[in-house]
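Work through these exercises with the sequence and the model side by side. Try each task before reading its solution.

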Amino acid sequence: MPAYETATLGDRTVHRIGFGAKRLGHDRAHAIALLRHAVDSGVDHIDTADFYPTHAGAEHREHDSTALGWANEAIREALAPYPDELVIATKVGPTAAGLARPDQLRGLVEADLRALGRDRLDVVYLRQYGLESVAEHFGVLADLRQAGLIRHLGLSNVRLPHLAQAETIAPVVAVQNRYGVDFGRVNDEMLDVCRARGIAFVPFFALAGTGRERGGVLANDAVTAFAHAHGVSPAQVRIAWTLSRGPHVLAIPGTGSMAHLTENMRTGALSGVEELGSGQDG
Ligand SMILES: NC(=O)c1ccc[n+]([C@@H]2O[C@H](COP(=O)([O-])OP(=O)(O)OC[C@H]3O[C@@H](n4cnc5c(N)ncnc54)[C@H](OP(=O)(O)O)[C@@H]3O)[C@@H](O)[C@H]2O)c1
């Protein structure tokens, strides 16, 4: 197993390069083989959701009603009984009909428990959009945590006021927001606040950048030049940059490709990579 560093996620220690299940692709048998290969390669942090994998393409959004939606079942089929060290983080909020109401959240958590075959979910993010206050939704998840259905809570797609609201209700162990070379300084303050508060920061679209749902590794001249100079791939530069942003940052590159997974897991620290990423906000 490669000797990349670890970081804390709640009361667990995980490798800083994990795996995002959104891009598992359309072929479920291939996805199962890929998930097994991921864990064999050292992945001990999988980021998932019941609406993953999503279809490729810019027209398909995170909370799209056409999402394939079998990632959790594939994870169970591939990996159960789960290795002790594996942390599976799920997110609830998006539904085909829009953001879940607070009274719908318990059903979504129970569905994740069933699909993953677990008695308790390791980490559940409230993946919000459009809420001024997350207090009511987060309060429901805090109750489910108290009831033993969830070990740790996180927040996704949030601003600093949301984090402050949630922290008055229950501990937040992770924040998952978009962040990458091409997003400029968006979320820098959130990154710093998370570090100061001992909260893991888990960026998405670190490779896809402002291409977002379209996927692929966004072309960026500075990244390409840096990759050539160091004999590594642009994806590895982007992952190394992500990890250079602080010891509390966890990468979750998404891929449906065995070769890309292997390449991503082999990313090492790259001297000077932190100088990249002063681009425009996206
Ligand atoms: N909370 C949220 O709102 C939210 C939103 C989006 C995503 N997420 C989470 O964050 C994770 C990461 O985001 P993401 O998957 O959307 O985007 P990403 O990790 O930035 O980029 C994924 C894209 O990069 C490509 N890729 C990966 N490794 C590569 C390599 N070594 N060489 C070339 N191409 C490579 C993949 O294509 P191939 O399949 O061809 O490798 C895929 O299209 C997701 O999987 C999901 O778990 C959360």
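**Exercise 1.** In which sense do strand 5 and strand 8 pair, parallel or antiparallel, and over how many bridges?

Solution. Remember that this model is predicted. Take strand 5 as residues 87–92 and strand 8 as residues 121–127. They pair in the parallel sense, over 4 bridges. For one of the partners, start from Ala89: its bridge partner in strand 8 is Val123.

**Exercise 2.** Place this pair in its sheet, then find the edges.

Solution. The sheet is open and has 7 strands. Their order is 3-4-5-8-9-10-11, with parallel pairing. Strand 3 (19–20) and strand 11 (200–201) stand at the edges. Each has a single partner strand, so one side of each lacks a neighbour in the sheet.

**Exercise 3.** Describe how helix 3 packs against helix 4.

Solution. Helix 3 covers residues 105–116 and helix 4 residues 135–146. Their axes lie 10 Å apart, at an angle of about 45 degrees. That angle makes helix 3 oblique to helix 4. The crossing is right-handed. Helix 3 contributes Leu105, Arg106 and Val109 to the contact; helix 4 contributes His137, Val140, Leu141 and Leu144. By class, the contact residues are 5 nonpolar, 1 polar and 1 charged.

Now relate helix 3 to the sheet. Helix 3 lies across strand 5, strand 8 and strand 9 (150–156). Helix 3 runs at about 145 degrees to strand 5.

**Exercise 4.** Characterise the shell around the ligand.

Solution. Count first: 30 residues surround the ligand. The closest are Gly20, Lys22, Phe204, Gly215 and Gly254. Next, sort by class: 10 nonpolar, 13 polar and 7 charged. Last, look for the largest share: helix 9 (residues 258–265) supplies it, with 3 residues.

Conventions:
Residues numbered from 1 in each chain as written. Predicted model: local features only at pLDDT ≥ 70, side-chain atom pairs only at ≥ 80, totals over all residues. Near = placed C-beta within 6 Å. Helix = DSSP H or I, 4+ residues; strand = E, 2+ residues; numbered from the N terminus. Nonpolar A, V, L, I, M, F, W, Y, C, P; charged D, E, K, R; others polar. Axes fitted to C-alpha atoms, helices over the stretch in contact; angles between N-to-C directions. Parallel < 35°, antiparallel > 145°, perpendicular 65-115°, else oblique. Left-handed = near helix turned anticlockwise from the far one by under 90°. Contact = placed C-beta atoms within 7 Å. Pairing = 2+ DSSP bridges.
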